[in-house]
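Thanks for letting me look this one over. I have set out my notes as numbered points, which you can follow alongside the model.

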Amino acid sequence: MPELIFFRRGDEVLRFTLEGSRVVLGRGEKCDVVIPDPEVSRQQAALFAEGDGFGLEDLSGKGTLVAGHRQERLRLADGMDIALGQWRAVFRERASADGDAETEARGGKTEVQPPQAERRYQAAQVRVRQGSNEALHKLSGDSFTVGKEGADLVIDDRFISSRHLKVTRREGLFHVVDQHSTNGTYLGAVRLYEAEVPMHTTLRVGEAELIIEPASSGRREAAFQGLIGSDPAMRQLSELIDRVAPSSAAVAIFGESGTGKELVARAVHARSQRADRPFIPVNCAAISKELIESELFGHEKGAFTGAANARTGAFEEADGGTLFLDEIGELPFDLQAKLLRSLESGEIKRVGASRPTHVDARVVAATNRDLLTAAREGRFREDLYYRLCVVPLHLPPLRSHRGDVVSLAEHFLRMFAPKGQQVRLTPAALDRLQTHDWPGNVRELRNVVHRALLLRKGPMIDASDLSFDATVHPEVGVAVPELPPGMTLEQMLEKLERQIIESALKRCHFNRERVAKELGVARSTLFKRLKQWGLTRGDEAE
């Protein structure tokens, strides 16, 4: 059966089967295929059955661009391209499901390739995304219905009809039929009534998105408030969280910056009996020493200059729930004794108060420092260390479980991808992600994926779209850029040397003597470098 394959900016978005005798394309809502593009007329063109084929008739009065020429009426040949503003449609005399070939178009070129048999029987699932919430629906049969009630996939959304749409699997494609819903079914900005779509298609119904994708091959999905990973170390961490969460014991989380220590703390809270009570996070490194005591314990009115009103501290806010103390190693030494006393007795005392108050807050602390070494060197109270570390949880750096890089990257792709778009990583991009050292851990991976989504040149993220954060040398605290492909170490060092000298020249208003003194090099050496780079006058003597 004939079909139209629609593309936008080289990316296939829709396959429309030409089952009727006449199909109208245009911007108007009453068209059979609605194309939301200001360059397209309300009724642009009609496709009609003509003998054993199909013809096209222009309805805009301006001519429709077919195979590069404006046409008013013609008989369509297999593979003809119809331009519709930023959209294009390719006419096929036989749909890919009916024939022995599958049509793919990328970058304006149409190619015929043999079908992939494994895709025909590939297990599939539907990912339902509503805001920041996601849920999976495994496809067990050949079809499923979507609606607000009485459907196989029930979605609680005020803009979804009771019987909204039906999806039927036909070999490698999915036949989508909107069941006369009130608010419609959309693919991108196009409203669908009936169409066949491929795997990795995102449909929009109401305020929800339905993403048809291959079923997870045993990969662990998001759990424990976003912790993702199937590596043995991550599985062991998740099992340990499950065992310790129901208790009220203090928990200390150790891990490098960017590994997700707050996610682990939230997981402990979510799996505990305190899950319906407050989770109060406090970053001990982000609050000045003068205010940290008031932030934790609160203060009474007039306790100090500026205390115009009484204030509740984090301990009281977390009563019955969990208090998360991030960067606990930065807590001032004199305040550590007061924290220890509160942990031991369950009582806190506001600044300026005469009587203590009893609170029931579970404390979960986190740090990227070696607290035990700090305690033995006298930089952290040893008794507080042992009181906090009733249950220590060690979060592994990303470089030690590289097998989870792909699942994490795909998770961030789904999180940051524009609504209605399905962006994927090329094999080359995946290889580059898996070979990177990830000094910034999961936080760096999140930044890299988000940045690549913004800078990509097409519907796929390639290796050239990836750029990594500078690495900070732990001993000197200097940001060291990654060595670009094709550049030797010697070339990179020369480039950095020139950047440093040029920056110093601007800072010192091109006073070479000051620059040489500041950089600790001989004036003759500086002059030699400047002459080598063409930054001196030709007649200037050393």
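1. Let me start with the second largest pocket, keeping in mind that the model is predicted. Three helices each supply at least two residues of the lining of this pocket: helix H3 (261-270), helix H9 (405-416) and helix H11 (441-455). The pocket has a volume of about 690 Å³. Its lining comprises 28 residues, and the closest to the pocket centre are Thr259, Gly260, Leu263, Val442 and Arg446. Sorted by class, the lining has 12 nonpolar, nine polar and seven charged residues.

2. Helix H3 deserves a second look. Which residues of H3 are buried? They are Lys261, Val264, Ala265, Ala267, Val268 and His269. You may like to check Lys261 on screen, as a charged residue that is buried. The cover over the buried residues of H3 includes helix H2 (232-244) and several strands: strand E25 (251-254), strand E26 (279-283), E27, E30 and strand E31 (391-394).

3. Now for the chain as a whole. Its secondary structure comes to 14 helices and 35 strands. Of its 542 residues, 44% count as buried. The exposed surface of the protein chain is about 28,500 Å², and carbon and sulfur atoms supply 48% of that area. Among contacts with a separation of 6 or more, 54% are between residues 24 or more positions apart.

4. On to charge pairs. Side chains of opposite charge can pair when their charged atoms come close. How many salt bridges does the structure hold? There are 25, and the next three points each take one of them.

5. Asp52 and Arg75 form a salt bridge, with the closest N and O atoms 2.8 Å apart. Asp52 sits in the loop between strand E5 (45-50) and strand E6 (53-58), while Arg75 belongs to strand E9 (residues 73-75), so the pair ties together parts that are 23 residues apart in sequence. Asp52 is exposed, because its relative accessible area is 73% and the cut-off for exposed is over 50%. Arg75, at 43%, is partly exposed.

6. Glu207 pairs with Arg158 in a salt bridge whose closest N and O atoms are 4.0 Å apart. This pair links distant parts of the chain, 49 residues apart: Glu207 is in the loop between strand E23 (201-205) and strand E24 (208-214), and Arg158 is in the loop between strand E17 (153-154) and strand E18 (165-170). Is each partner buried, partly exposed or exposed? Glu207 is partly exposed, with a relative accessible area of 43%, whereas Arg158 is exposed, at 64%. Since a salt bridge is counted within 4 Å, I would keep the 4.0 Å value in view when reading this pair.

7. Arg369 and Glu330 meet through their side chains in a salt bridge of 2.8 Å, N to O. Arg369 is in the loop between strand E30 (362-367) and helix H7 (371-376), and Glu330 is in the loop between strand E27 (322-326) and helix H6 (333-345), so parts 39 residues apart in sequence are tied together by the pair. Both partners are partly exposed: Arg369 has a relative accessible area of 40%, and Glu330 has one of 34%.

8. One last item concerns shared partners. Arg22, Glu57 and Arg73 are joined into one network by salt bridges that share partners.

How values were computed:
Residues numbered from 1 in each chain as written. Predicted model: local features only at pLDDT ≥ 70, side-chain atom pairs only at ≥ 80, totals over all residues. Heavy atoms only, no water. 1 Å grid on protein atoms, 1.4 Å probe; cavity = no way out; pocket = protein on both sides within 12 Å on 5 of 7 lines; lining within 4 Å. Points joined across faces, edges and corners; volume = space filled by probe spheres on them. Helix = DSSP H or I, 4+ residues; strand = E, 2+ residues; numbered from the N terminus. Buried < 20%, exposed > 50% of the residue type's maximum accessible area, 1.4 Å probe, protein only. Contact = heavy atoms within 4.5 Å. Areas by Shrake-Rupley, 256 points an atom, 1.4 Å probe, with all protein chains shown as cover.
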